[in-house]
Amino acid sequence: MSSLVSKLPEVGTTIFSIMSKMAHDNGAINLSQGFPDFPVSPELIELVNYHMQQGHNQYAPMPGAPSLRQRIADLFHNQYQLTINPETEVTVTAGATEALFVAIQAVVQPGDEVIVFDPAYDSYAPAITLSGGKPIHLELNWPDFSINWQQLAETITSKTRLIIINSPHNPSGTVLISEDLKELESLSKKHKQLFVLSDEVYEHITFDGNNHKTVMQYPELAKKSMAVFSFGKTFHATGWKVGYIIAPEYITKEIRKIHQYVTFSVNTATQMALADFLEDESHYNSISNFYQEKRDVFLEGIKKSRFKPLPSKGTYFQLLSYNGISELGDVAMAEWLTKEHKVASIPISVFNQSKTDHKVLRFCFAKNESTLSKATEILCKI
């Protein structure tokens, strides 16, 4: 038998798959993996069916259906008063995960360093490794998960090629503000070799007046940035795997070279349907209020519990501290909560290279109110 050397020897099954399986095996309420348990808009489903019936079942153009790229440009103008070129600056991808992957491959060369802020989404580091780059992990400040800008400035070297940011942030729910992005813009101007990859998949899910800021709103930063978005998150259709990436033309050219050999193109009828659906601005302007109501239901439900919430300003995740409830580490606590009390969550330490454990669990509140009520009732008894 031939030997096989793994390119990702330290990578196993993701914690999301592990906890979802554990939830299923134990009949637990699954607040772990970030997917909604309520239906996609019937109108959007009808539009997908309509375009299938119209014969849009073959390959879409490699960069994405022209109608969808135009709607994305329109959306960007409506949301941020920015003009982007749908022909040369927008690429539709098989979900945000592919967008993140091809973006990293496009700019990172073997030996380059890439700065990642922990806790970080788990797809960043493997994509960096596969590009031949080296992930450099910096921990966000505790407990507010803010960036230590002085530490970042001191960490950048001549080898630093890319900085990855995520706002609204998974798993913490924090949101970067203008001052943060101005700091990043200043660093990008100082270090000519530096690019920025901005994971903005929860752009339409912000709370309490914390409006999302995109890297593309900062002119000098935009020249060196790639911003990633997700229709799966926006329209709670995670299984459709449709995302997109916005970048300057010179970067987009390199992204598309890789994209065409990863997926070539994305589901045609779904792209056409999304283009139609985006014509009505209310389909995305109402999303923040929709999820803020769910967050508030969850927070109200745990008021009498011993869990302590950390502020969630965006995403559909809520962090709860169990400090004072148990001495268990967060991985063991998540397993115990799933098996013994039938509520599944995600331990935060798995998002950190150092496995830093603050006794905090992540709960997904993108669920029906009945699901949230059952879960919070259980949490209040612990």
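**Exercise 1. Find which residues of the largest nonpolar core touch the most other members, and which helix gives the most to this core.**

Solution. Start with the term. A nonpolar core is a set of buried Ala, Val, Leu, Ile, Met, Phe, Trp, Tyr and Cys residues joined through side-chain atoms within 4.5 Å. Buried means under 20% relative accessible area, exposed over 50%, and partly exposed in between (1.4 Å probe, protein chains only). The largest core has 120 residues, and Leu162, Met226 and Leu379 touch the most other members. Helix H4 (residues 95-107) gives the most to this core, with 8 residues. Helices (H or I, at least four residues) and strands (E, at least two) are DSSP runs, numbered from the N terminus.

Next, take Met226. Contact means heavy atoms within 4.5 Å. Neighbours within four places in sequence are set aside; the contacts of Met226 then include Ala103, Val107, Leu162, Ile245 and Ile255. In soluble globular proteins, nonpolar side chains tend to be buried together.

The model is predicted: local features need pLDDT of at least 70, side-chain atom pairs count only at pLDDT 80 or more, and totals for chains, interfaces and linings use all residues. Residues are numbered from 1 along each chain as its sequence is written, and side-chain values use heavy atoms, with hydrogens and water left out.

**Exercise 2. Work out how the buried residues of helix H1 are placed around its axis, and name what covers them.**

Solution. List the buried residues of H1 (residues 15-25): Ile15, Phe16, Met19, Ser20, Met22 and Ala23. They lie on the same side of H1, because they cover an arc of only 160° around the axis. That arc is taken from the directions from the helix axis to the C-beta atoms. An α-helix has 3.6 residues a turn, so residues three or four places apart point the same way.

Now turn to the other face. Away from the buried side, H1 carries the exposed residues Lys21 and His24. The cover over the buried residues includes strand E1 (29-30), H14, strand E11 (343-344), E12 and E13. After H1 comes Gly27, with a positive phi near 60°.

**Exercise 3. Give the strand order of the open sheet of 4 strands, then place helix H14 against E12 and E13.**

Solution. The order is E9-E10-E13-E12, with antiparallel pairing. Two strands pair if DSSP finds at least two bridges between them. Strands E9 (308-309) and E12 (346-347) are the edges, since each pairs on one side only. E12 and E13 (residues 360-364) pair over 2 bridges. Ile346 has Arg362 in E13 as its bridge partner.

Then add the helix. H14 (residues 330-341) lies across E12 and E13, at about 45° to E13. Axes are lines fitted to C-alpha atoms, for helices over the stretch in contact; angles run from 0 to 180 degrees between N-to-C directions.

**Exercise 4. Decide whether Thr315 and Lys241 are buried or partly exposed, and locate each.**

Solution. Thr315 is in the loop between E9 and strand E10 (317-321). Its phi is near 75°, a positive value in a residue other than glycine. Thr315 counts as buried because its relative accessibility is 0%.

Lys241 is in the loop between helix H9 (231-234) and strand E8 (243-246). Phi of Lys241 is positive, near 50°. At 40% relative accessibility, Lys241 counts as partly exposed.
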